Each structure stands twice: as structure tokens, then as C-alpha cells.
Amino acid sequence: MFIKRSRTLIHNHRDYLTAAVQVKNRAFALYSTGSGYSELPKKLKSSERKPWVTDINEIKRKARLENQERSVVREATLKAPENGLLVKELIPVAHDVFAARARLLSCVSRVSRDIPIFVCSICGDVHVGDPPHKIRTCNANGKQKEHTWERGGPNHVFPVVDSFHLYDRLGRAVSHNERLEVDRIPAIVELCIQAGVDIQQYPTRRRDFPIYRVAGRIIDFEKKFPKYEFSGKNIKPFGFWEMDKRPSEDQESSLDLPYDDLKGYAELGMEALENMRLGVNKLMQKYAVHTCGYCSEVQVGPKGHRVRQCQAFKHQMRDGQHAWQQATFDDLVPPVYVWHVADKQRNPLLVNDLKRYYGMLPALVELFAQGGAQIGESYRGVMREDVVVPTLDEEKLVV
């Protein structure tokens, strides 16, 4: 009788522990998923390649199909922009992206006058706001890992990625010997030009009739029978060193912004950033943009250039040429992540002992956030607003 009752108590105790563990795990799962915290993109090592946008097996399958089409002598039907014509519905999008980029540059320049930008002279780390943080994350400063701050500028929060300007996007790729003879302009501007924006300083060829592809060879009838008599004598395919200002800079100075206060510029810049992101993603669905899988080089067009200037991982095996793959928006506008200052009144200084409580934001978003702009929901996960940052006098009480 006593043995039977003991077994019953043991089974009941086991059931209670099992139920308690299940409840605890369920509560932990709800907290983990409900907090909405998201990790920052993984920082790749020098030997790691960027993740593929399209699966590598799908890329190989398309390559095999293209090789089979080249072996058969027949005409392949091409759609815009592969046939050399513009996508008509994307021409207004290209103009909107070009205008949004100009507004964004003006807003960054205006907001950075009131909100200082600091950059580490040793490792290049960026901080937005005054005073700069005291977090010891400088990998180039030995054991101390303390940053050496100096004043930065808009180019540190909005870095410019250049690309070779192509007069004919379907022509041959830029060779290594032509690397100093072809203009390099911002990749977003080159994308807008190829999508329909006309800039006098950077002429581009606009076709009236599509090209044809037969057995892998491109047939362009406009070269043999041009519709208009055009010799091309007035075209300057290069000469960027003779230009004082780029076209985007000229447009910046002539912008008429409706705001005079800092918050107005910050909100306008945040809106321009999101509009530029949406527009660029739409354009990149039709117009190809390539990036090197190991370095930051970008080329707008159906294929990458042949300039042998890559110095990344195992570049000797590629003879200095780039390992081209499909690009993303982050390749055209590299995100510079900085520490987020949640409360400038209570915790203006970020210290190293409390760094696990701080969130991060792209430098552009952090700049506009400190200027008074509202942050979108897509950035809530990396801001870590669900975590209460203790003050310095409460540091010893934190478990």
C-alpha cells in the first residue's frame, strides 16, 4: 500500500515538472518571437563570398539553356530592355529615383550641419551625434580598442559607389586598357540613365528598333541602316577630369525645399530614402546590375567589365578580374551601421559596459532620427526598443 502510494506521488511529481518545463519553454518562445528583435546582417570575412541573390543551381540551369539555344540557328525573341529598347513604364520611375537621390543628398548635407558626424581615423567606424561613443570596438588599435574620433561628413553616412558609364549598354564590356578612358559615375545615376534619364554630360544610345539574337549572335540593323544621320563627332566618351561638378551636384544647389527647420529636412530626407529604395528595387528587376562577390565593385549593365583590379580573396586565380554576380540595393547604397542613441536627454553618452543594451541603425536613418524624423517599422527590430537601457548608477544592479 505504501509502495503503491509512493509510486503515484512520484508520477504526479514528474507530470508536474514536465508541465512546468513546457510552460516555461512556451513562455520563452513567446518572449523571443514577440520581442521583434532582428539581428544585423552578418559581416563577411575577407575569404567569404557575398550570398547569391538567385540560387546557384538556377543560374547553372539558365546557362545550360542559353548554350543549347546558341547551338540552334534560330531567332530568339527578346523583350525590353534586353532588345535595346527602354521599358516605358519604368521611365517615370527612373526620373523619380534620380530626383529622390538629389533630395536625399541635399537633406543629408543640411542635417549634418546641426548633427555632427564622427569617424574613427584608424578603423573608419562612424558615429552620429555628439558626443561620440566610448565603446571599445576598434580592431585596428591593438589591445585598447578605443576609437580616435575626428569630424566626418555626408560621404561617411552616404558612401558613393561608382560604376563605368556605358554609351551603349549592349555593346562590348569595358576592357582593362580602357579603364582610364571611360567615365565613372555613381551607380544609381548610371542605372537611371540606362532606364531613361537623359543627361547632357553623359550621352547614351537610344534605339528606335530592337535588336535580334540568332544562334547567340546579336544582330543590330541600326548599325547598317541608321534611321538618322549621326556621325557621333560631338560625343565625348571620356573626360571626367575636366568636369568641375557632376549633374547631381548641380541639381542639389537648385533644389527648392519647402522646409526651413531641422525636423522638416529630416522627414524629407527619410521620405526620399524610402522612395529611392523602392524605385531602385523596381528598376533592378528589369535592368541588370552586377557586383563582385568579394569586393565592392559594381557595374550597371547586362554584364560586368573586364578591368583587372580586384584585390580580394584569391584574385590571383582570376587574374585580377572580378567574380561577378547579381547585385542588390545594399551593393549600390552600402549600409553603414552605427550605434543608436535612444534617449539623448537621459543617456547621451554610450559607454562600453552597457553596449549589450544598445541597438544599431543605418547611419542615414540614425542621422534623420536624431533630426526628428519618424522611424519606420522595418527598423524597429535592430533598434532594440524593447530593452531598457540602465543608467550608469544602475549598472551594478543589473543581473
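Where is Pro81 found? I went to this residue at the start and placed Pro81 in the loop between β1 and α3. I keep in mind throughout that the model is predicted.

**Entry: backbone oddities**

I checked the peptide bond that joins Ala80 and Pro81. The bond is cis, with omega at about 5 degrees. I then looked up a second cis bond, the one from Asp130 to Pro131, where omega is near 5 degrees. Pro131 sits in the loop between β3 (126-128) and β4 (149-151). I also noted Lys145 in the loop between β3 and β4. Lys145 is not a glycine, yet its phi is positive, about 60 degrees.

**Entry: α3 against α5**

Next I took helix α3 (residues 91-114) and helix α5 (residues 187-195). Their axes lie 8 Å apart, and the packing angle is about 155 degrees. Angles over 145 count as roughly antiparallel, and α3 and α5 are therefore roughly antiparallel to each other. I logged the crossing of α3 and α5 as left-handed. On the α3 side, the contact is made by Ile91, Ala94, Val97, Phe98 and Arg101. On the α5 side, I listed Ile188, Val189, Cys192 and Ala195. I sorted the contact of α3 with α5 by class: eight nonpolar residues, no polar ones and one charged.

**Entry: α3 against α8**

I stayed on α3 and turned to helix α8 (residues 262-284). The axes of α3 and α8 come within 8 Å and cross at roughly 145 degrees. I recorded the crossing of α3 with α8 as left-handed. The residues of this contact divide into 16 nonpolar, three polar and five charged.

**Entry: α8 against α10**

From α8 I moved on to helix α10 (residues 363-370). I read a packing angle of about 155 degrees for α8 and α10, with the axes 8 Å apart. That makes α8 roughly antiparallel to α10. α8 passes α10 in a left-handed crossing. I listed Ala266, Gly269, Met270 and Leu273 as the contact residues of α8, with Leu364, Val365 and Phe368 from α10. By class, I found six nonpolar, one polar and no charged residues in the contact of α8 with α10.

**Entry: the largest pocket**

I turned to the pockets. The largest pocket has a volume of about 1800 Å³. I found that 44 residues line the largest pocket, and that Lys62, Glu66, Glu82, Ala288 and Pro302 are the closest to its centre. Which element supplies the largest share of the lining of the largest pocket? I traced that share, eight residues, to α2. At least two lining residues each come from α2 (56-71), β1 (75-76), β7 (212-214), β9 (289-292) and β11 (324-326). I split the lining of the largest pocket by class into 21 nonpolar, ten polar and 13 charged residues.

**Entry: the second largest pocket**

I put the volume of the second largest pocket at about 1400 Å³. Its lining has 37 residues, and those closest to its centre are Lys42, Lys43, Leu44, Pro335 and Tyr337. I looked for the elements behind this lining. β11, α9 (329-332) and β12 (337-339) each supply at least two residues. The largest share of the lining of the second largest pocket, three residues, comes from β12. I counted its lining by class as 19 nonpolar, ten polar and eight charged residues. I noted β11 as an element that appears in the lining of the largest pocket and in the lining of the second largest pocket.

Terms used: Residues are numbered from 1 along each chain as its sequence is written. This is a predicted model: local features need pLDDT of at least 70, side-chain atom pairs count only at pLDDT 80 or more; totals for chains, interfaces and linings use all residues. Side-chain values use heavy atoms; hydrogens and water are left out. Axes are lines fitted to C-alpha atoms, for helices over the stretch in contact, and angles run from 0 to 180 degrees between N-to-C directions. Helices (H or I, at least four residues) and strands (E, at least two) are DSSP runs, numbered from the N terminus. Angles under 35 degrees count as roughly parallel, over 145 as roughly antiparallel, 65 to 115 as roughly perpendicular and the rest as oblique. A crossing is left-handed if the near helix is turned anticlockwise from the far one by less than a right angle, and right-handed if clockwise. Contact means heavy atoms within 4.5 Å. Ala, Val, Leu, Ile, Met, Phe, Trp, Tyr, Cys and Pro count as nonpolar, Asp, Glu, Lys and Arg as charged, and the others, Gly among them, as polar. On a 1 Å grid over the protein atoms alone, a cavity is a set of points where a 1.4 Å probe fits but cannot get out, and a pocket is an open set with protein on both sides within 12 Å along at least five of seven lines; lining residues have an atom within 4 Å of a point. Grid points are joined across faces, edges and corners, and a volume is the space filled by probe spheres set on the points.
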